[in-house]
Amino acid sequence: MSVYPSLTRALAEALVDVLWFVEGCEDEQMDPDDAVKVLEGAGHLMTQLSSDQRSEFIDLLGSMAVKETDPSRRAFLEGFPEGFGLVEDDS
C-alpha cells in the first residue's frame, strides 16, 4: 500500500520537494536564471488553480507543515501559499 493517502497528496509532496530544492540551490548547483524560471513557472501554475483547488492545496500544505520535523522545510511549507500566489499578500 502507498504511503500517500491520495494521488493529490503524492503530487503535492513531489512538487514541494522540487521547489524546495530549486529555491535552496546554490549558483554552482543550478543556474540562477533557470531556478527563477522554474519558480516563476510554478507560481504561474498556482494562479491557474480554481478556488477549490487552491483551498485543497493550502490544506495539504498545512497538514504537511504540521508533520514536518525539519524547521527550514516547515518554514518553506508555511510560506508556500503566499510565496507561490495561492493567497493574496496582505501587506
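## Exercises on a predicted four-helix chain

At 62% relative accessibility, Leu7 counts as exposed. The model is predicted. Work through each exercise with the structure in view.

**Exercise 1. Place Leu7 and classify its exposure: is Leu7 buried or exposed?**

Step 1. Find the element. Leu7 lies in helix 1.

Step 2. Recall the cut-off. A residue is exposed when its relative accessible area is over 50%.

Step 3. Apply the cut-off. Leu7 has 62% relative accessibility, so Leu7 is exposed.

Step 4. Look across to Leu61. In sequence, Leu7 and Leu61 are 54 residues apart. In space, their C-alpha atoms are 14 Å apart.

**Exercise 2. Describe the fold: how many helices and strands does the chain have?**

Step 1. Count the elements. There are four helices and zero strands.

Step 2. Read them from the N terminus. The order is α-α-α-α.

Step 3. Judge the compactness. The radius of gyration is 14 Å. The globule rule gives 12 Å for 91 residues. These values are close, so the chain is as compact as a globular protein of that length.

Step 4. Add the dimensions. The C-alpha trace spans about 35 × 30 × 25 Å along its principal axes.

Step 5. Add the burial. Of the 91 residues, 27% are buried.

**Exercise 3. Trace the salt bridges of Glu13: which side chains meet Glu13?**

Step 1. Start with the whole structure. A search finds four salt bridges.

Step 2. Take Arg9. Its side chain forms a salt bridge with Glu13, at 3.0 Å from N to O. Glu13 and Arg9 are four residues apart in helix 1, so about one helical turn separates them. Both Glu13 and Arg9 are buried.

Step 3. Take Arg73. The side chains of Glu13 and Arg73 also form a salt bridge, at 3.9 Å from N to O. This pair links distant parts of the chain. Glu13 sits in helix 1, while Arg73 sits in helix 4, residues 71–83. The two are 60 residues apart. Both Glu13 and Arg73 are buried.

**Exercise 4. Extend the network from Arg73: which residues are joined into one network?**

Step 1. Find another partner of Arg73. The side chains of Arg73 and Asp17 meet in a salt bridge, at 2.7 Å from N to O.

Step 2. Locate the pair. Arg73 is in helix 4 and Asp17 is in helix 1. They are 56 residues apart, so this salt bridge, too, links distant parts of the chain.

Step 3. Check the exposure. Buried means under 20% relative accessible area. Arg73 has 8%, so Arg73 is buried. Asp17 has 38% relative accessibility and therefore counts as partly exposed.

Step 4. Join the partners. Salt bridges with shared partners connect Arg9, Glu13, Asp17, Glu68 and Arg73 in one network.

**Exercise 5. Find the charged patch: which residues gather in a patch of negative charge?**

Step 1. List the members. Glu26, Asp27, Glu28, Asp31, Asp33 and Asp34 form this patch on the surface.

Step 2. Place one of them. Glu26 is in the loop between helix 1 (7–24) and helix 2 (32–47).

Step 3. Check its exposure. Patch members need over 30% relative accessible area. Glu26 has 49% relative accessibility, and so counts as partly exposed.

**Exercise 6. Compare sequence and space: how far apart are the C-alpha atoms of Val18 and Asp52, and those of Thr47 and Ser63?**

Step 1. Begin with Val18. Val18 belongs to helix 1. Its relative accessibility is 45%, so Val18 is partly exposed.

Step 2. Read the distance to Asp52. Val18 and Asp52 are 34 residues apart along the chain. Their C-alpha atoms are separated by 23 Å.

Step 3. Turn to Thr47. Thr47 belongs to helix 2. Its relative accessibility is 39%, so Thr47 is partly exposed.

Step 4. Read the distance to Ser63. Thr47 and Ser63 are 16 residues apart along the chain. Their C-alpha atoms are separated by 21 Å.

Conventions:
Residues are numbered from 1 along each chain as its sequence is written. This is a predicted model: local features need pLDDT of at least 70, side-chain atom pairs count only at pLDDT 80 or more; totals for chains, interfaces and linings use all residues. Side-chain values use heavy atoms; hydrogens and water are left out. Patches are made of residues with over 30% relative accessible area and no salt bridge: like charges are joined within 9 Å, nonpolar side chains (Val, Leu, Ile, Met, Phe, Trp, Tyr) within 5 Å. Accessible areas come from the Shrake-Rupley method with a 1.4 Å probe; for residues, only the protein chains shown count as cover. Lys and Arg count as positive and Asp and Glu as negative; His and the chain ends are not counted. The place of a charge is taken as NZ of Lys, CZ of Arg, CG of Asp or CD of Glu. Buried means under 20% relative accessible area, exposed over 50%, partly exposed in between (1.4 Å probe, protein chains only). The radius of gyration is taken over C-alpha atoms; the globule rule is 2.2 Å times the number of residues to the power 0.38.
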